[in-house]
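These entries record what I looked up about the empty spaces in one structure and the residues around them.

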Amino acid sequence: MASNFPDRLAPGLPYPLGATSDGLGVNFAVFSANAAKIELCIFDAGGRKELARLALPECTDEVWHGYLPDAGPGLLYGYRAHGAYEPLRGHRFNPNKLLLDPYARKLSGQVRWTDALFGYRLQGAKADLTFDRRDSAPGMPKAIVVEDNFNWSNDRPPAVPWSKTVIYEAHVRGISMLRYDLRQHERGTFATLATPRFIDHLLQLGITTIELMPVHAYLQDHFLIERKLRNYWGYSTLAYFAPEPAYLSTGELNEMRMAIRRLHAAGIEVILDVVYNHNCEGNERGPTLSLRGLDNASYFRLMPGEERFYINETGTGNTINISHPRVLQMVLDSLRYWAESFHIDGFRFDLGVTLGREGTGFDPGSGFFDAILQDPVLSRLKLISEPWDIGPGGYQLGNHPPRFGEWNDKFRDNMRRFWSGDSGLRGEFAARLAGSGDLFDHRTRKPWASINFITSHDGFTLRDLVSYSEKHNLDNGEDGNDGHNDNSSNNWGVEGPTDDAEILQRRARVQRALLASTVFAQGTPMLLGGDEFNRTQHGNNNAYCQDNEVSWIDWEDAAKPEARALTAYFGRLTAIRNTYVCLQAGRFLHGEEVAPGIPDIAWFDERGESLSIEAWHNPEARAISVMRAAPSGGHIHLRHARRGDDAGEGEAGAGPEVALLFVNAGWDAIEFRFPDTDLNWYQLLDSANADGRPDHDNAMHETSVTLQGHTVMMFGTHRVHG
């Protein structure tokens with residue numbers, strides 16, 4: 001990079017947006033429809049001293065651009081935008097505020113809170129109508145010009161079929177901050193994702209896909225810093241193209257790429273949780289950091305006729321205006337960047353309903369969905385939506401277009417209530433176990449569209465779900481007013497920790513039953529990281545600001561016998577699911593015959609009899625069994641093979657692959673009779689046992705078995721090894 005800068009920039013090109021090095025210089029391009037002038041500001045290597053301020057000389061199709069010769073990767077820069085400061089008309093230009101490039105690939109430094117970050121003087125109810133002349137550059141991170149240079153060699157996406165996908169939701173920082181076997185500077189970074197210990201752990205669980213909570217660079221909110229807390233979850237995006245600097249132990253982008261390459265080598269996909277519905281700048285009283293200062297009226301949805309204020313369908317103060325073509329372009333460019341430059345396998349869209357909103361409300365045919373579904377890169381990835389926001393008509397579970405999976409909170413809530421003892425849920429339990437066809441069986445969608453989960457980052461952990469009847473969020477500094485009040489949880493007799501052996505046994509059984517319900521249901525199972533070894537947040541159901549031991553996974557706890565057994569138990573669940581096609585999410589089941597007398601799905605009571613209409617509506621029923629079947633190309637052991645009436649018992653005959661699940665959600669033990677079939681049953685799982693292993697491995701000759709309270713048993717027509 002040259003030490004001296006020209007008096008003016010060359011015109012350059014309006015595409016691509018961002019800062020692009022060509023080996024001889026750097027092209028800068030940034031969108032603003034309403035700016036009068038945009039200046040490029042160049043800083044020294046430490047980001048403290050502004051070395052040059054050069055106007056972008058051209059504006060083509062509302063993209064400002066210029067070319068800086070003799071510059072290259074490593075250059076630190078920002079923008080200043082000139083224009084009207086008229087908040088009542090939606091314009092908040094203030095050239096005294098240094099602005100982060102929306103396309104910044106890498107950041108130097110972090111936001112250092114100062115009143116100068118605000119475009120107005122902080123005083124009075126209408127303070128944002130004033131104009132502040134202080135320079136915000138000292139408190140702003142700077143963008144760094146980068147150049148992609150990584151040897152992906154023969155890296156290939158694992159391309160795990162949806163029907164075989166098992167998701168593990170994890171936090172980059174949380175999964176390794178307590179890994180004392182790692183060097184301290186590596187803990188909480190992408191480097192730890194690539195360690196053999198972590199990858200082996202995922203494989204032991206049968207995980208195919210890791211879903212990372214937000215990794216985009218995000219803001220440490222001022223109100224949290226004042227409380228001596230930190231934004232831990234990261235749903236306050238500052239830069240859509242840059243990874244969070246704290247997640248890079250070396251400061252190099254290739255650290256993230258290396259982790260992804262090693263996960264791919266192990267057959268594990270990587271999905272990013274992304275937040276394009278809002279950004280970190282908040283409402284009209286928020287700071288001016290990037291989009292607000294570049295073109296507030298274009299980047300955000302403003303109140304019609306009251307453009308000083310923001311439409312807030314996200315609950316965060318602002319809503320990104322995806323309907324604007326340049327804003328939509330930014331989102332798509334960001335997604336493609338992560339997919340192509342980092343080989344990301346898919347995305348989970350936070351508040352996906354917001355992204356699908358048009359002027360008339362949510363639309364599954366919105367420009368956002370249409371643009372993704374026709375995109376040759378993005379349309380081939382795994383796409384998941386959080387199907388709600390807080391705006392009008394904001395609950396849209398089941399209404400997203402084909403190709404999208406959706407977080408199914410009805411699965412979460414119905415399963416929690418069923419296993420915690422609520423009445424009248426036999427039918428709801430069956431509907432969720434069968435893939436939630438009432439929600440997803442249309443437009444040729446498949447059961448995998450239902451992302452089935454009991455817990456996620458938002459709410460109780462699995463251990464806390466069976467240990468606390470109420471939330472305990474005082475540590476968040478909001479007097480316990482934050483977080484959900486209705487958690488469908490049950491402490492089973494004592495709030496929080498206890499030494500009562502009977503209560504501990506009950507809690508453990510309910511945990512295992514909930515996990516089995518998730519893995520054996522039609523759909524895509526998702527496990528919250530740490531639930532496989534009893535992670536607790538001590539009753540905090542909104543740990544978004546707990547960047548400490550409350551949220552971090554304790555790997556010493558993971559080594560305890562009960563935790564190791566639970567990990568092995570989950571691995572057994574996924575092994576059974578992977579072995580039996582009829583347990584996977586290939587298609588919805590409607591009771592169609594796959595072999596004489598064997599439908600693809602059938603429901604029974606504990607007596608082995610088909611459920612009547614009255615039985616389905618019995619509010620106190622806690623027992624149910626379901627048999628699922630799929631055609632098999634192999635041979636199944638039949639009690640009486642169908643090749644002739646004189647076939648001997650135990651002979652092998654061609655038949656369907658069948659799995660039978662017994663469910664006892666009551667307190668007391670119940671005897672279950674097997675349905676009347678010619679099938680020989682092998683016991684695959686007994687959730688009364690800590691690791692789920694059955695008590696014997698031979699074909700069952702009994703006509704019934706006894707299930708303890710709050711347990712399940714799984715049987716099948718062939719063994720599962722491992």
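Entry 1, the second largest pocket. In this predicted model, I counted 23 lining residues for the second largest pocket, and I noted Arg-463, Leu-504, Phe-533, Asn-534 and Glu-562 as the ones nearest its centre. I then asked which elements give two or more residues to this lining, and found helix 11 (462–465), helix 12 (501–520) and helix 13 (561–579). Helix 12 has the largest share of the lining, at 5 residues. I recorded a volume of about 540 Å³ for the second largest pocket. Sorted by class, its lining holds 9 nonpolar, 7 polar and 7 charged residues.

Entry 2, the largest pocket. I next turned to the largest pocket, which holds about 1400 Å³ of space. Its lining comprises 43 residues, and I listed Tyr-235, His-278, Thr-314, Gly-315 and Thr-316 as the closest to its centre. Two elements, helix 2 (222–226) and helix 8 (409–420), give two or more residues to this lining. Helix 2 contributes the most, with 3 residues. By class I noted 15 nonpolar, 16 polar and 12 charged residues around the largest pocket.

Entry 3, the cavities. How many cavities of 30 Å³ or more does a search of the whole structure find? I obtained 7. The largest cavity encloses about 140 Å³. Of the 15 residues that line the largest cavity, I noted His-171, Met-213, Tyr-232, Arg-535 and Ser-551 as those nearest its centre. This lining divides into 7 nonpolar, 6 polar and 2 charged residues.

Entry 4, the second largest cavity. I recorded about 70 Å³ for the volume of the second largest cavity. Which element gives the most to its lining? I found that strand 25 does, with 4 residues. Helix 12 and strand 25 (524–528) each supply at least two residues of this lining. I wrote down its lining residues as Ile-454, Thr-455, Leu-462, Leu-515, Thr-518, Pro-525, Met-526, Leu-527, Leu-528, Asp-531 and Phe-570. By class they divide into 8 nonpolar, 2 polar and 1 charged.

Entry 5, a cross-reference. I marked helix 12 for its place in two of these entries: helix 12 gives 5 residues to the lining of the second largest pocket, and helix 12 also supplies at least two residues to the lining of the second largest cavity.

Technical notes:
Residues numbered from 1 in each chain as written. Predicted model: local features only at pLDDT ≥ 70, side-chain atom pairs only at ≥ 80, totals over all residues. Heavy atoms only, no water. 1 Å grid on protein atoms, 1.4 Å probe; cavity = no way out; pocket = protein on both sides within 12 Å on 5 of 7 lines; lining within 4 Å. Points joined across faces, edges and corners; volume = space filled by probe spheres on them. Nonpolar A, V, L, I, M, F, W, Y, C, P; charged D, E, K, R; others polar.
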